[in-house]
Amino acid sequence: MGINLIQGAKVTVMVASVERALRFYTLALGLKLRYQRDHEYAEVEAPGLTLGLLASERPFLHHVQAPVPVHCSIGFDVERLEGAMLVLRERGVQFAPEIADGEKERIAYFADEDGTPLFLREEKG
């Protein structure tokens with residue numbers, strides 16, 4: 001069974017507007033636009049992660065129903081949490097009031113304009 005079938009992966013986020021999502025992910029978060037297909041789909045890149053942005057009004061999506069609600073959270077590693085938060089606040093990102101301070105990491109929570117939960121993560125040295 002030494003065959004590796006999976007060659008790569010991406011996370012696809014359903015969004016109300018691809019253009020609005022692109023503004024958030026490229027301008028606010030500073031991710032690189034990799035690909036865009038009209039107003040239906042785009043991909044942005046972070047180191048080690050490709051995010052697909054799919055317009056949720058696409059007709060075929062009305063016929064697909066997951067057995068349970070689908071939930072995910074996307075995290076982005078940063079070197080200095082407060083510095084990254086300062087830059088993103090200047091770009092209009094609003095963070096939860098508290099930073100989660102764990103044993104091995106510190107996390108700041110926020111969301112994109114469609115409510116997808118996101119977070120910044122600083123690993124403790």
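Q: What makes strand β5 (residues 74-77) and β8 a pair?
A: Two strands pair if DSSP finds at least two bridges between them. β5 and β8 share 4 bridges in the parallel sense, so the criterion is met. One of the bridge partnerships links G75 to F119 in β8. This is a predicted model, in which local features need pLDDT of at least 70 and side-chain atom pairs count only at pLDDT 80 or more, while totals for chains, interfaces and linings use all residues. Residues are numbered from 1 along each chain as its sequence is written, and side-chain values use heavy atoms, with hydrogens and water left out.

Q: Why are residues 117-123 called a strand, β8?
A: Strands are DSSP runs of E with at least two residues, and helices are runs of H or I with at least four, both numbered from the N terminus. Residues 117-123 form such a run, strand β8.

Q: How many bridges join β7 to strand β8, and in which sense do they run?
A: The two strands are joined by 7 bridges and run antiparallel. I107 has R121 in β8 as its bridge partner, and A108 stands opposite L120. A hairpin with 5 residues between the strands connects β7 and β8, and G115 in the turn has a positive phi of about 90°.

Q: What joins strand β6 (residues 100-101) to strand β7 (residues 105-111)?
A: There are 2 bridges between these antiparallel strands; the requirement is at least two, so they count as paired. D101 has R106 in β7 as its bridge partner, and a hairpin joins β6 to β7 through 3 residues.

Q: Why does E122 count as buried or exposed?
A: Buried means under 20% relative accessible area, exposed over 50%, and partly exposed in between (1.4 Å probe, protein chains only). E122 has 12% relative accessibility, so it counts as buried. E122 is found in strand β8, where 5 of the 7 residues are buried.

Q: What makes the approach of E122 to L81 a polar contact?
A: A polar contact is a pair of N or O atoms within 3.5 Å; within protein, one must be able to donate a hydrogen and the other to accept it, and residues adjacent in sequence count only if both atoms are side-chain atoms. A polar atom of the E122 side chain lies 2.7 Å from the backbone nitrogen of L81, so the pair satisfies the distance limit.

Q: Which residues does E122 touch?
A: Contact means heavy atoms within 4.5 Å. Not counting residues up to four places away in sequence, E122 touches V78, E79, R80, L81, E82, K104, E105 and R106.
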